[in-house]
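Visitor: Hello! Could you take me through one part of this molecule up close, and show me how that part sits within the whole chain?

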Amino acid sequence: MISARAASLHAAALRGVSRGNYRKAEKAFRRALWMAEKSLPPKPLALATLLNDFGVLCKYTGRFALARGTYLRALKLVRRERGGHRELVAALYHNLGGVEHARGRYTRALPYARRAVEMRKKIRPLDRLALAADEAALAAILVELGHIAEARKLYLRALRVFRRNLGPGHYEVGAVLANLGALYSKALRYRAAEHALRRSIAIIEQTMGENHPRIASALNNLAVVYSRRGKFREATALYRRVLRLLKNQTASTYPDAATVRENWEKLRRIESQSLPAR
């Protein structure tokens, strides 16, 4: 165990992340990490857990290289300890796959994500919620590599697990629906994509709040779907909302404002081309 003060700071950092207050969370994380690193005798597992959670914050704020380095450092610490600690190792592989996915390095992400799933299946008792999260993360990478059928199967399985165990309005259900919406959009199934994304946004708004940065990606993806379905007014309203949301954030998020503006500019070109000639 780390000191009570470091543990309190860690808990405060996690609360800050969940509420989207990334600046406050980072301050608490850095103070807790400093205390954990100075702890005598050293507590590698406690430090690795802190590093893992800090890496998640780094990913959320777009610092992907820092997140990756943080995860790798945590993994090195865990491997030095006896006892396996498979749950933490599986989580680190999951997160390494996630950050490589966020960087667009999908072939690098895939082995990490598959390793996380393989490790999770061997842990007893089986944590079905954690496995569902691992499979959903793997599915997101498979979508980018064009393995749509396998990804859809994994998403739907994860969705069933989350709905059964957490309830239909839980954030994890909304997150999977957002990813399903992105999958359907890539498969040109825009009606299904719109349905999944609208439901996802409703759940995330209810559980996290209308201005939480984690909603930005689903809003941006729904705006893209609207534009492809010819719903230009609805798409424009969503792009404006996302840009307002990103403007209020103290740290970078995904999607960034440049990506949203690029999508909005594409919409304007499509809209202008669809207007009748005068």
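**A close look at Asp134**

Guide: Happy to! Let's begin with the whole chain: among contacts between residues at least 6 apart in sequence, 59% join residues at least 24 apart. Please keep in mind that this is a predicted model. The chain holds 13 helices and zero strands, and reading from the N terminus on, its elements run α-α-α-α-α-α-α-α-α-α-α-α-α. Of its 278 residues, 45% count as buried.

Now let's zoom in on Asp134. You can find Asp134 in helix H7, which covers residues 128–144. Is Asp134 buried or exposed? Asp134 counts as buried because its relative accessibility is 3%, and the cut-off for buried is under 20%. What does Asp134 touch, once we set aside its neighbours within four places in sequence? Its contacts are then His94, Ala116, Val117 and Arg120.

For a contrast, look at Arg115. Arg115 belongs to helix H6, made up of residues 106–122. With a relative accessibility of 33%, Arg115 counts as partly exposed, so Arg115 lies between the cut-offs of 20% and 50%. On the surface, Arg115 joins Arg79, Arg86 and Lys122 in a patch of positive charge.

Finally, step back to the outside of the chain. The chain exposes about 14,800 Å², and carbon and sulfur atoms supply 50% of that area. So our tour has gone from Asp134, which counts as buried at 3% relative accessibility, out to the surface patch that includes Arg115.

Technical notes: Residues numbered from 1 in each chain as written. Predicted model: local features only at pLDDT ≥ 70, side-chain atom pairs only at ≥ 80, totals over all residues. Heavy atoms only, no water. Helix = DSSP H or I, 4+ residues; strand = E, 2+ residues; numbered from the N terminus. Buried < 20%, exposed > 50% of the residue type's maximum accessible area, 1.4 Å probe, protein only. Contact = heavy atoms within 4.5 Å. Patch = residues over 30% accessible without salt bridge, like charges linked within 9 Å, V, L, I, M, F, W, Y side chains within 5 Å. Areas by Shrake-Rupley, 256 points an atom, 1.4 Å probe, with all protein chains shown as cover. Salt bridge = Lys/Arg side-chain N within 4 Å of Asp/Glu carboxyl O. Lys, Arg positive; Asp, Glu negative; His and termini not counted. Charge placed at Lys NZ, Arg CZ, Asp CG, Glu CD.
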